Amino acid sequence: MNIQDQKHLNLQSDKSTGSLSNQDDDVTFIKESSVKNLLNWTDCVDAMESALVAISNTSQKSDSEPFSSQTPRTFTFAGNKGVLLTMPGYASNYTLNSVTGSDKKHSTLSCKLVTSFSGNSQLNPAIPGILGTILLFNSDTGKLKAIVDGTEITAWRTAAVSVVATKYLYCDMNLKNLDGNIVGKELAIVGCGTQGRIHALAMLNYFPNVFIKVKLWNRSLNRAEKLKKELNALFPEIIIVIADSSILCVAGADCVVTATNSSQPLFELKDLKENVHINAIGAGTNHHSELAMDIYQSSSVYIESYIGLETELKGIKEYVNGEVGEIVAGKKFLHKIENSKNVTVFQSMGNAIEDGVMANMIYQKFMKN
Ligand SMILES: NC(=O)C1=CN([C@@H]2O[C@H](COP(=O)(O)OP(=O)(O)OC[C@H]3O[C@@H](n4cnc5c(N)ncnc54)[C@H](OP(=O)(O)O)[C@@H]3O)[C@@H](O)[C@H]2O)C=CC1
Ligand SMILES: O=C([O-])C1=[NH+]CCC1
């Protein structure tokens, strides 16, 4: 949602403290351009690490431990044109270290409303296929306190979650302890739409000195060319090439991102080299169609939340080894598959807690400014 005129909505953007007073009637509206100005990769990745830990703890075990509660999201289909998702969630006792320090604990009650209309890219002018709005409620009273544009948040939080997954699941190299040397890895971006683009930016910005080459593939060439131009200007030291097929794109890659609406597998296990980490993002309501089934069968597979597993990932349920948050929190060690290529897969779906934590992070920064 990009509403320019907040008076039109009869909302006030007075930077009130969000205190518990009954007179606190104002609803803060944070529009897309303000959200954009407040986003950076350090804050987003830090917030998503906290969110993933809260997701993996679904009951309150102590006064201080992060936890969350959520129901499966709902899907309301608008004929065959698109779908509206509702994503409610509550996260408690989590920190936003880089924004409010490690002592301040946050609780957030939120609901994201997000539409997915894949035909939007064909409009003239094109608009994003995924459009979102996040409602933030006072978690002590239930009263609405902010409406935060969720389109940029959805893009950034998805890529930031993939960065966290890459940090913890990519076993070939400890990306957490970079020593400043060029590591010389290859990144493959399969699908150069909104998600492919933001993932390329997230990976290259957050892991400097790691990737020396990026291979891009997109069904229609013009989007790959556009992204190549953008990346060349931002990262002149990195080699950026366009691959002729999705299989050629992943050949030789160390880290792969898939971000398409493809209902058919884009590559198989035989197309990958050993020790590859894959962030599988796309394919909308059919989340696991981008990768061939033999990849899931012989890889260590992690997801954001078991809640979505039951309803949205039935087809690969038996191959899932855990939640990323369980690894981050040290509750589980990375599962290794004997006699395998040692491939790790982060199967992304998107999760309500990530949206609530991100919207609160933006709200905290907006109120401070
Ligand atoms: N996991 C998560 O949290 C999230 C997942 N998503 C999902 O990620 C995917 C991409 O979203 P987004 O980047 O916003 O969408 P965009 O519309 O910006 O991009 C869609 C991409 O998919 C490609 N594509 C579409 N159909 C096919 C096909 N049959 N075969 C190969 N490529 C195809 C498009 O190619 P072309 O340019 O040729 O049309 C384009 O590269 C969607 O499935 C979306 O639902 C989105 C947000 C969050
Ligand atoms: O989590 C999310 O916002 C979405 N996942 C797929 C489409 C939108």
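Me: Which residues of strand β12 point one way, which point the other way, and are they buried or exposed?
Reply: In this predicted model, H277 and N279 of β12 (residues 277–280) point one way, while I278 and A280 point the other way. All of them are buried, and buried means under 20% relative accessible area. In general, side chains in a regular strand alternate between the two faces of the sheet.

Me: What makes β11 and β12 a pair?
Reply: Two strands pair if there are at least two bridges between them. Strand β11 (residues 255–258) and β12 have four bridges, in the parallel sense, so they count as a pair. Within this pairing, V256 stands opposite I278 of β12.

Me: How do you know that β12 also pairs with β15?
Reply: The cut-off is at least two bridges, and four bridges join β12 to β15 (residues 344–347), so these strands pair too. They run parallel. Here H277 has T344 in β15 as its bridge partner.

Me: Why is α2 called oblique to α11?
Reply: Helix α2 (residues 41–55) and helix α11 (residues 352–368) pack at an angle of about 140 degrees, and their axes are 9 Å apart. Roughly antiparallel would need an angle over 145 degrees, and roughly perpendicular covers 65 to 115. The angle fits neither range, which makes α2 oblique to α11. Their crossing is right-handed.

Me: Which residues make the contact between these helices?
Reply: Among them are A47, M48 and L52 of α2, and V357, M358 and M361 of α11. The residues of this contact divide into 10 nonpolar, no polar and three charged. Asp, Glu and Lys count as charged, and the contact includes D43 of α2 as well as E354 and K365 of α11.

Key:
Residues numbered from 1 in each chain as written. Chains lettered and ligands numbered in written order. Predicted model: local features only at pLDDT ≥ 70, side-chain atom pairs only at ≥ 80, totals over all residues. Heavy atoms only, no water. Buried < 20%, exposed > 50% of the residue type's maximum accessible area, 1.4 Å probe, protein only. Helix = DSSP H or I, 4+ residues; strand = E, 2+ residues; numbered from the N terminus. Axes fitted to C-alpha atoms, helices over the stretch in contact; angles between N-to-C directions. Parallel < 35°, antiparallel > 145°, perpendicular 65-115°, else oblique. Left-handed = near helix turned anticlockwise from the far one by under 90°. Contact = heavy atoms within 4.5 Å.
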